[in-house]
Amino acid sequence: MKDIEKAMRLITSGVYVVTTRLDSRANGLTVAWLSRASFSPPLISVSIGKTRFTHDLVKKSRVLAVNVLAEGQEDIARHFGFRSGREVDKFAGLETRTAITGSPILQGIAAYLDCRVVGEIEAGDHTIFVAEVVEGGTEDGLKPLIYRRESYFG
Ligand SMILES: Cc1cc2nc3c(=O)[nH]c(=O)nc-3n(C[C@H](O)[C@H](O)[C@H](O)COP(=O)(O)O)c2cc1C
């Protein structure tokens, strides 16, 4: 493996499902490239590939919710991370509730952050969305899932 990619893979992160809703269409994808960006106002940044269906929806809806997955939720990460909402409804059969922006919030997660997009940065084959957190909460004091590449990619 090239040194740059090898080194990049040692950047640590959590595992999140970023959801959004455009009119009646809800979708979400698994991300690892997400970070806090500002204390005041509370901002996060998330890097979403330009080919992702969620990318097109967030560009138009300007809202998203960060679902902080809990320890043991690797199956949810795979569910949202290996299929596109262009082909399947990833929420079929899943119980969710709706955040104030309209984005779906999953069950059993460690925390959620409901956000409005306030900026966009071109980042190669991804777009970095900067979003202001308008509401958030923790659920059951669960611990966040830590990203381990080998849990998802052979
Ligand atoms: C563990 C994991 C982490 C991922 N991290 C990201 C990420 O940070 N950004 C991204 O654009 N895609 C990431 N992906 C890939 C997307 O989740 C995947 O392409 C998804 O199927 C896109 O769904 P959509 O087309 O419905 O938006 C990740 C996938 C997995 C399994």
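So, how many bridges join strand E4 to strand E9, and which way do the two run? There are seven of them, between residues 43-49 of E4 and residues 126-138 of E9, and the pair is antiparallel. To give you one spot to look at, Ser45 has Val130 as its bridge partner in E9. Before I go on, keep in mind that this is a predicted model.

Okay, let's zoom out to the sheet. It's an open one with seven strands, and the order goes E2-E1-E5-E8-E9-E4-E3, with antiparallel pairing. E2 and strand E3, residues 34-38, sit at the edges with a single partner strand each, so each has one side without a neighbour in the sheet. On average, neighbouring strands are turned by 35° against each other, if you ignore direction.

Now the E2 end. Strand E1, residues 16-22, is joined to E2 by seven bridges, and those two run antiparallel. Arg21, for instance, stands opposite Ala26 in E2. The hairpin these strands make has two residues between them, and Asp23 there takes a positive phi near 55°.

Here's a bit I like: is E2, an edge strand, enclosed or open? Six of its seven residues, 25-31, are buried, so E2 is largely enclosed by the rest of the structure.

What lies across the strands? Helix H2, residues 53-61, lies across E1, E2, E4, E5, E8 and E9, and runs at about 55° to E1. Then there's helix H3, residues 74-81, which packs on the sheet and touches E1 and E2; its direction makes about 120° with that of E2.

Let me stay with H2 for a second. Thr54, Leu57, Val58 and Ser61 are buried in that helix. They cover an arc of only 100° around the axis, so they're on the same side of H2. That fits the general rule: an α-helix has 3.6 residues a turn, so residues three or four places apart point the same way. The cover over the buried residues of H2 includes E1, E2, E4, E5, E8 and E9. Right after the helix comes Arg62, with a positive phi near 65°.

Last thing, the ligand. It has 21 residues around it, and Trp33, Thr54, Gly81, Ser84 and Gly85 come nearest. We just met Thr54 as one of the buried residues of H2. E2, E4, H2 and H3 each supply at least two residues of the shell, and E2 gives the most, with four. By class, the shell has 10 nonpolar, eight polar and three charged residues.

Okay, that's my tour.

Key. Residues numbered from 1 in each chain as written. Predicted model: local features only at pLDDT ≥ 70, side-chain atom pairs only at ≥ 80, totals over all residues. Buried ≥ 20, exposed ≤ 12 C-beta atoms within 10 Å, placed from the backbone. Pairing = 2+ DSSP bridges. Axes fitted to C-alpha atoms, helices over the stretch in contact; angles between N-to-C directions. Contact = placed C-beta atoms within 7 Å. Near = placed C-beta within 6 Å. Nonpolar A, V, L, I, M, F, W, Y, C, P; charged D, E, K, R; others polar. Arc of directions from axis to C-beta.
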